[in-house]
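Open the model in a viewer and keep the selection panel at hand. The stops below say what to select and what is found there.

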Amino acid sequence: MEKFVLKATNLKKSYFHPTKCDILNGVSLSVNPGETVAIMGPSGAGKSTLLHILGTLDPPSSGSLEINGIDALGDAGAALRNHHIGFVFQNYNLLDEYTVLDNVLMPSRIGRISGKEEEAKRLLQEVGLEEHLSHFAKQLSGGEKQRAAIARALLNNPSLILADEPSGNLDDVNSEKIHEILISSAKNLGKGLIIVTHNHALANQCDIIYTLQSGTLKANKAI
Amino acid sequence: MSLIALMSVGVISLVVWLVLVFLSVTDGIEKNWLKKLTSLNAPLQITPTDDYYRSYYYQVDGISNASDYQYKSIGEKASALLTDPYSPTEDQAVPARWPDILRNDDGTPKDLVKSAFNILDKHALIAQDFEVSGAAFKLRMIRPQGIPFTSAQEKAQGHLTQVSYISSFSGKSPRLKTLIESPRTEDLNHLFLLADVSSRGLYEDTPDEIEHASVSEFQSKLESVLSNVEITGIKTTSHRWQSLGSLLPEGVLFDVYAPVKNGAITQVVFPLDAKQGSGKIQKKQGRLHYLGKDGTSQIVNFAVPLFVEGRISMEASLVPPSLKNVRSLNDLRFEITAKLQGKTLLGQIPWDGVEIETAKIFNQFDAPPSHVPPWPYYVNDEIYLPEADYPSVILPKHFQNNRVKLGDTGYFSYGAATSSAMQEQRLPVVVAGFYDPGVMAIGAKLILTNSEIVHTINTASNTFFDPNMVNGIQVYLNDLGSAKDMKEKLIAAFENEGILKYWKITSFHEYDFAKDLLQQFQSDKYLFTLIGVIVLIVACSNIISLLVILVNDKKKEIAILSAMGASKRSIATIFTLCGGIMGTLSTLIGTGAAILTLHNIDSVVSFLSFLQGHDAFNAVFYGKSLPNELSHHALVFILIATPIISLLAGLVPAVKATKLSPSQILRSE
C-alpha cells in the first residue's frame, strides 16, 4: 500500500454568517513523499481555507484528513502540527522580538525537543542566512524573512510543508530563490509540499497543479 | 504595555501593603487588648456557686470555734489545717436544714477548695485565689512648694478621694508583668522628697502639719530606694545653682553677666553657651575673679548668688554614702561631669538644687533582695509587692493624671458593722506602683493590693458585692487559644471528683466585661478580612484588563505559535502564569513595604498626627504605640489570597486566548 504524506477525502467547509456559504465542496487530495503540489485558483476561491484545513489550523465541516497515517481531525492537532507540518506564510509570520536563530528554533522549543541548535544553524546556512543568526527578525528584508521562515518550517523535519503564497510579497529575484529552496527541499528531503499560489512559474515547477474552483479541485497536468 | 503592567503591579502591591499593615495593626491591637483583659483577669476563672456557699463545708466555719466563727475566703480555706473545724463538744449543734457533709471514698470530709487546687496542680496550671472588694480610697498627697531639693522648698499637702474596687494582687499571673509600669524618674524624685516625711498621722482626715520622719525612718526609707537604684544623671532644679562655684575649673574663663550695684557684684549669671556678656569670670586659687568688659576687675564674694541661664543636665554617680551619717539629702554627694559653655565641669557636689534625671532601676532578682525596693519586684518571674510599714497598692495608671506618685500614702475607708452601728474603719496603704488596666470597664477604679486587705474589707462589709463574684480562683494559661479546651478538661476533672456543682468554670470568652468586646473583635476580624478580599479582588481585576489587552496585542504571535504546534493549554498557561507572576511579585513588594512600614510605625503615626494637628491614635484605646508586629494571620492570608486571585484573574484572558482562531488571524494579517 502506498504511504501518503497527506490524504484528504471529501473535505467540505461552509460558513453560516450571514447565510450559508459553501467554500469547499468535497475536496479530496493525496500527496506522496517528495511530491510537490500547487493549488491555484482565483482570489476568494478558498485556497487559503483549504490550506489551513489541511494544516489543521481550521476544522472542516465534514470529510476526513490523515497526515502520515494519523487522523488529523482528532485530538492530535497541535502535536501533529509541531511534528509533521511546516508552514510557510505569505507574510512570513516571524516573531519580531526574537533573533533569527530563536525564530528557527521555536518549533523545537514548543515541542520540547532539545539539541536542535546545530540543525537550525545548518538550515540557516542552507538558506543563506548564516550571517544573520543573531539579528532580530524585524531587521531582515522580505526575502530573508521568508528564507528564515522556510528554515523554521523545516527544523522539526516535518513530512509535509504547506506554503501559502510564499513569494507573494517578494520581487522576482527573491521569489525565484524561495521557489528553488522550497522545491529542492521537498524533493531532496522527500517531503510532501503543497503550495497555494498565483505564480505560474512556481506552479509549473510542481509535480501536480490543481485549480480550486467552485469548492472543488481540478487537476491539471504539470507542464 | 510594560507601563500598564508596572501600574498593575504597583496597584496590587499598594493594596497588599495596605491590607497587611491594616490587618497587622488591628490584629496587634486585638492581641494587646486580649492580653490586658486576661492579665488582670486570668483566661480561666473558677468561682464558687450558690451550692458552695450553702454547703456544710463553707457554713461550718460560721459555727466553729476553731474558725473564730468567721467564714473563710478561698485563700484561707486553701491554707486551713482542718477541712472540718466543727467540734461537737464545743460548738453549737449543726442546724438541721444544712446539707450533709460531703465525704471522700475513705470517709474523710471532702475539701472542696483543696480538691479544686489539686486538680489544677495535676493539670500543671498556675492558679491563685482572688478576691474583689470595694472601699473609699483616700490619698494624702504631699507635694513640694518652691524649688524642689533646695532650702527654699517647703511641703504642702492635698487629698484625693475615690471610691474604688480593690482586687487581690496575683503575683503568679504571667502577664501582670507586662502591665505594671516601671517607676518614672519623677516617682524616684518623689520617693526622695518623701524620705524625711513621717507616715504618722495617716489615719487623720486632715493632718495639721507634715511631721518629719525620725532619723532611723529616714535612713531606712533612703536605704530601700538607694539599694535598688543607680543614679546616672541629675539636673539642676532652678536657675540658681550655688554648687557651680566649686565646680568651675581653675584658670578657665567663662562668659557671664554680672550686674554691679554700689561697686559690688550682686549676682553672676552664666549663659549655657559661650556668648558675650558683661564680662568674664575666672577661678584663681578658689576665688572667683570678675573681669568686666570695661576693664574693671574684682573678686566675687562667696555669698553672691550664682545663676545659670537654663537647667544643666549632668552625668552623675552617687558617692556611696555611709547611711548612718546621713541625716538629710544634703548629706548625699554626687560625682558629676557636666558641660558649661563647652567647658567640662568635674567634681563632687551635695544633693542641693538638683534632681534625678536618669537612673537605672532594679526590680529583677534571683533571690529575695535584702533591701526590698518601694516598688513591685520580681523574683524568678513571680511578682512581689513591697512590704514596708504599710501594705502596698498598685493603682491604675489614670491616677498618674491626678499627679499621684510612688510613695504617696493614704488609706482605705470602709464600714464595719459593730454591735451598735456601722463604724468607719481605715486601712493605711502606700502607693507602690501603677499598672495599665487596659480596656476593663472598671479598670480605672480597680486597685490591686495584697489579698489580706481585700479579705478584711470583704469580711467586714460582706453585703457589698454578690458573693459569687468577689472570691474565686484565677487560672493562668500560656496559650490563650487553649482556654476553651482547658475549660472542658477541667469541667470533666471536677465532675470526676464530684465537686462540679460547687464551682463554676468560665473562660475569658464568657466574662461579662469581655464578651461583647471579644465578639466585636471577631466580627471586626471577619469584616476586615472580607474588605481585604474585596479590595484585593478589585486590584487584581487590573490583571484581567491588562492581560486582555495583552492577548489582543499578541494575537498574531499566539496564532504563529499555534501554527507551529503550541497547544491551547500551553498558550493558556502563559497568560495564567503572567497573572500569577504579577500577583506574586506584588505580594513580595507589598509585604516588603508593609514590614518596612510596621518597623517605622511610630514615624508614620507621628506624621499622621502632624497632618491632623492632634494625636492620630488615642493612647487609651491603642496603647502607647501601635503594634508593629507583622500579623502571621494577615501574612498567610495575603500569601495565599493574592497569588490565587491573580491566577484566577489571569485565567479569564487565558481562556480568551485559547478561543482565538489562528486561521482567521493569520489570514487577516
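Start with chain B of this predicted model. Colour chain B by secondary structure: 20 helices and 25 strands are assigned. Chain B has 669 residues, and 35% of them are buried. Its contact map is weighted to long range: of the contacts between residues at least 6 apart in sequence, 75% join residues at least 24 apart.

**A hairpin in chain B**

Select residues 333-340 and 343-350 of chain B, which are strands S14(B) and S15(B). The two strands pair in the antiparallel sense over eight bridges. To check the register, display Phe334(B), which stands opposite Ile349(B) in S15(B). Then go to the turn, where two residues lie between the strands. Gln341(B) in this hairpin takes a positive phi near 50 degrees.

**A three-stranded sheet in chain B**

Next, select S17, S18 and S19 of chain B, which form an open sheet in the order S17-S18-S19 with mixed pairing. The edge strands are S17 (364-365) and S19 (382-384) of chain B, each of which pairs on one side only. S18(B), residues 377-379, runs antiparallel to S19(B), and three bridges join the two. Show Tyr377(B) and Tyr384(B) as sticks: Tyr377(B) stands opposite Tyr384(B) in S19(B).

**Two packed helices in chain B**

Now select H16(B), residues 568-599, and H19(B), residues 632-658. Their axes come within 7 Å and cross at roughly 150 degrees. H16(B) and H19(B) are therefore roughly antiparallel to each other, since an angle over 145 degrees counts as such. The crossing of H16(B) past H19(B) is right-handed. Coloured by class, the residues in the contact of H16(B) with H19(B) are 16 nonpolar, twelve polar and one charged.

**Where the chains meet**

Show both chains and select the residues in contact: 17 residues from chain A and 13 residues from chain B. On the chain A side, helices H1 (47-54), H2 (77-84) and H3 (100-110) each supply at least two residues. The largest share of that side, four residues, comes from H2(A). By class, the side of chain A that touches chain B has nine nonpolar, six polar and two charged residues.

**From the interface into chain A**

Keep H3(A) selected and add H4(A), residues 117-126. H3(A) and H4(A) pack at an angle of about 120 degrees with their axes 10 Å apart, which makes H3(A) oblique to H4(A). H3(A) passes H4(A) in a right-handed crossing. For the side chains, display Val100(A), Leu101(A), Val104(A) and Leu105(A) in H3(A), which meet Glu117(A), Ala120(A), Leu123(A) and Leu124(A) in H4(A). The contact of H3(A) with H4(A) has seven nonpolar, no polar and one charged residues.

**Two loop residues with positive phi**

Most residues other than glycine have a negative phi. Which value does phi of Asn157(A) take? Phi of Asn157(A) is positive, near 50 degrees. Asn157(A) is found in the loop between H5 (142-154) and S7 (160-164) of chain A. Asn157(A) counts as partly exposed because it has 14 C-beta neighbours inside 10 Å.

The last stop is Glu165(A), in the loop between S7 and H6 (172-189) of chain A. Glu165(A) has a positive phi of about 45 degrees, although it is not a glycine. Is Glu165(A) buried or exposed? With 20 other C-beta atoms within 10 Å, Glu165(A) is buried.

Methods: Residues numbered from 1 in each chain as written. Chains lettered and ligands numbered in written order. Predicted model: local features only at pLDDT ≥ 70, side-chain atom pairs only at ≥ 80, totals over all residues. Contact = placed C-beta atoms within 7 Å. Nonpolar A, V, L, I, M, F, W, Y, C, P; charged D, E, K, R; others polar. Pairing = 2+ DSSP bridges. Axes fitted to C-alpha atoms, helices over the stretch in contact; angles between N-to-C directions. Parallel < 35°, antiparallel > 145°, perpendicular 65-115°, else oblique. Left-handed = near helix turned anticlockwise from the far one by under 90°. Buried ≥ 20, exposed ≤ 12 C-beta atoms within 10 Å, placed from the backbone.
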